[in-house]
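Colleague: Could we go through this structure together? I should like to begin with the interior and then turn to individual residues.

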Amino acid sequence: MLKSTSKPGLPALDRGLALLDHLIRSGGGPLRFGELRDALPGVQDSTLTRILKALEGYGYLERDADTGYRITQQVRAWGPYLSAARPTLADTAQRVLDRLTQEAHESACITLLGEDRIDALCSRSVEGGIRILGTGQLLHFEPDHAGALAILEQLPSAERQRHLDGPHCTFGEGDNFEASLSAARGPGNVLIDTSRSRPGVCRMAIAYRHGEQLGSVFFCLTQEACEHKREQLTRLLESARDRLGG
């Protein structure tokens, strides 16, 4: 017997879905008319007939005069589709990175924030480009790194301060997060830094969220290239953020 979940105004829809669910859970059928009627106590034969005809019309059920009703191949095909494993963040990130480096011709990296550190989820240094942080390497919370600042900006103040006080932070006594963030503010949600340790090099970055996970995507390139390609790289970073969201 099916548990009634009827809602005012939708009894036929509710019963139709209940019947479909019952058939699927019973192995797909076949079930005879009487067996389906027993699954919906109180339903009139005329009502059940209309519901079954409607489900047949949509291609969800098929009827055999000898054995009864069964779900169609169309419904069975939902199983593999619905149970197919969703791509992992790492898989998605690699595809996004491939597209970034191919279209921008600049070195790029996708990071992920952990409990107390930022790791490079995947990265690539393009031929002729600036060498970038390697996959699996640690990115410190640096006052002059747009990839780190983009993540810090997204955190609640208490969590941000925890990272700023943590073992992987390189903010010095003269550094201030708000000032560093303001100096790196670029177009839209993109941050652009000026590297202290690598003259003429900068990073363009944007933060992304994948469910509860937080990370950043950034290019590492010359300041000259950044000036010439800023609009294109901004669009690519925004597209990467959207593709990484989940």
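**Cores, a helix and a loop residue**

Modeller: Certainly; please note that this is a predicted model. In it, the side chain of Glu106 makes a polar contact with the side chain of Lys229, at 2.9 Å.

Colleague: Where does Glu106 lie?

Modeller: Glu106 is in the loop between helix H6 (89-104) and S3.

Colleague: Is Glu106 buried or exposed?

Modeller: Glu106 is buried, because its relative accessible area is 9%, under the 20% cut-off. Among the residues Glu106 touches, leaving aside those up to four places away in sequence, are Val126, Phe219, Leu221 and Lys229.

Colleague: Now the interior: how many residues has the largest nonpolar core?

Modeller: The largest nonpolar core has 29 residues, and those with the most contacts inside it include Leu113, Ile118 and Phe171. Elements that give two or more residues to this core include S3, H7 and strand S8 (213-222). H7 gives the most, with 6 residues.

Colleague: And which residues make up a second core?

Modeller: A second, separate core of 26 residues includes Ala108, Cys226, Leu237 and Ala240.

Colleague: Turning to H8, which of its residues are buried?

Modeller: In helix H8 (residues 157-164), the buried residues are Arg160, His163 and Leu164. They cover an arc of only 100° around the axis, so they are on the same side of H8.

Colleague: What do the buried residues of H8 pack against?

Modeller: The buried residues of H8 pack against strand S3 (107-113), helix H7 (146-154) and helix H9 (177-184).

Definitions and conventions:
Residues are numbered from 1 along each chain as its sequence is written. This is a predicted model: local features need pLDDT of at least 70, side-chain atom pairs count only at pLDDT 80 or more; totals for chains, interfaces and linings use all residues. Side-chain values use heavy atoms; hydrogens and water are left out. Buried means under 20% relative accessible area, exposed over 50%, partly exposed in between (1.4 Å probe, protein chains only). Helices (H or I, at least four residues) and strands (E, at least two) are DSSP runs, numbered from the N terminus. The arc is that of the directions from the helix axis to the C-beta atoms. Contact means heavy atoms within 4.5 Å. A polar contact is a pair of N or O atoms within 3.5 Å; within protein, one must be able to donate a hydrogen and the other to accept it, and residues adjacent in sequence count only if both atoms are side-chain atoms. A nonpolar core is a set of buried Ala, Val, Leu, Ile, Met, Phe, Trp, Tyr and Cys residues joined through side-chain atoms within 4.5 Å.
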